[in-house]
Amino acid sequence: MELLLTGPIHASNCRGSWSSRTSEFQAGTYPRFIVYLVDAFNNTITPKFMQTNYLDFKAYAMNGRGEIVNLFNLTSTQDSHNGFEALQFLTSSAGNFSLYVKYNATNIGGSPFSYSVVPGKVLQTIILLLI
């Protein structure tokens with residue numbers, strides 16, 4: 001059997017999606033965003049065939065006014081078998097946002113990805129105490 005070797009990651013062919021299948025999250029939670037790693041021919045790249053274990057994915061978010069917002073506690077982990085990178089961050093304020101994901105300064109396919117954050121239980125409790 002001949003082994004298919006993949007090429008390097010091709011950012012514009014990579015795709016992303018929210019692992020929860022929804023793009024609405026409560027403030028104070030850690031949504032998980034999945035980046036599917038593919039080469040220029042859309043072959044899935046698994047860590048076994050990667051040229052490096054370090055992937056240079058960058059992520060940032062913008063609010064509805066076009067201002068960059070912090071992605072608190074942003075982490076990135078690789079799935080060792082299925083050819084994806086998982087990004088997680090702490091949602092800290094309510095509103096509508098766009099998540100931009102880049103690899104080597106190139107947007108991945110579909111970027112930016114919209115998401116919204118609704119007040120979490122802690123914030124709702126504080127508001128009720130103030131009323």
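This report describes the fold, the core, the aromatic rings and some backbone details of a predicted protein model.

## Overall fold

The protein chain contains ten strands and one helix. Read from the N terminus, the order of the elements is β-β-β-β-β-β-β-β-β-β-α, with the helix following the strands.

Of the contacts in the protein chain with a separation of 6 or more, 64% are between residues 24 or more positions apart. The chain has 131 residues, and 37% of them are buried. About 8200 Å² of the protein chain is exposed, and 55% of that area comes from carbon and sulfur atoms.

## The nonpolar core

In soluble globular proteins, nonpolar side chains tend to be buried together. In this model the largest nonpolar core has 25 residues. Phe33, Val35, Leu99, Val101, Ile108 and Tyr115 have the most contacts inside this core.

Five elements are listed as giving two or more residues to the core: strand S3 (32-36), strand S4 (57-63), strand S7 (84-90), strand S8 (95-103) and strand S10 (113-118). The largest share is that of S8, with four residues.

Which residues does Ile108 touch, not counting residues up to four places away in sequence? Among them are Phe33, Val35 and Val101, which are also named with Ile108 as residues with the most contacts inside the core. Ile108 also touches Ala11, Ser12, Cys14, Arg15 and Gly16, as well as Phe57, Lys102 and Phe113.

## Aromatic rings

The structure has eleven aromatic pairs. One of them is the pair of Phe97 and Tyr115, whose rings are stacked, with 5.3 Å centre to centre and 25° between the planes. Phe97 belongs to strand S8 and Tyr115 to strand S10, so this pair links distant parts of the chain, 18 residues apart. Both Phe97 and Tyr115 are buried.

Ring pairs also join residues into a cluster, made up of Trp18, Phe25, Phe33, Phe89, Phe97, Phe113 and Tyr115. Two members of the cluster, Phe33 and Tyr115, are also among the residues with the most contacts inside the largest nonpolar core.

## Two asparagines in strands

Are Asn63 and Asn73 buried or partly exposed? Asn63, found in strand S4, has a relative accessible area of 14% and is therefore buried, since the cut-off for buried is under 20%. Asn73, which lies in strand S6 (residues 72-78), has a relative accessible area of 48% and so counts as partly exposed.

The side chain of Asn63 reaches the backbone nitrogen of Arg65 at 3.0 Å. Leaving aside neighbours within four places in sequence, Asn63 is in contact with Val69, Asn96 and Phe97. Phe97 is the residue that stacks with Tyr115.

## Backbone details

Most residues other than glycine have a negative phi, and most peptide bonds are trans. Some places in this model depart from those patterns. Asn73 is not a glycine, yet its phi is positive, at about 55°. Asn42 also has a positive phi, near 65°, and its place is in the loop between S3 and S4.

Where is Pro112 placed? Pro112 is in the loop between strand S9 (106-107) and S10. The peptide bond from Ser111 to Pro112 is cis, and its omega is near 10°.

Terms used: Residues are numbered from 1 along each chain as its sequence is written. This is a predicted model: local features need pLDDT of at least 70, side-chain atom pairs count only at pLDDT 80 or more; totals for chains, interfaces and linings use all residues. Side-chain values use heavy atoms; hydrogens and water are left out. Buried means under 20% relative accessible area, exposed over 50%, partly exposed in between (1.4 Å probe, protein chains only). Contact means heavy atoms within 4.5 Å. Accessible areas come from the Shrake-Rupley method with a 1.4 Å probe; for residues, only the protein chains shown count as cover. A nonpolar core is a set of buried Ala, Val, Leu, Ile, Met, Phe, Trp, Tyr and Cys residues joined through side-chain atoms within 4.5 Å. A polar contact is a pair of N or O atoms within 3.5 Å; within protein, one must be able to donate a hydrogen and the other to accept it, and residues adjacent in sequence count only if both atoms are side-chain atoms. Rings of Phe, Tyr and Trp (its six-membered ring) pair if their centres lie within 6.5 Å; planes under 30 degrees apart count as stacked, over 60 as edge-to-face and the rest as tilted.
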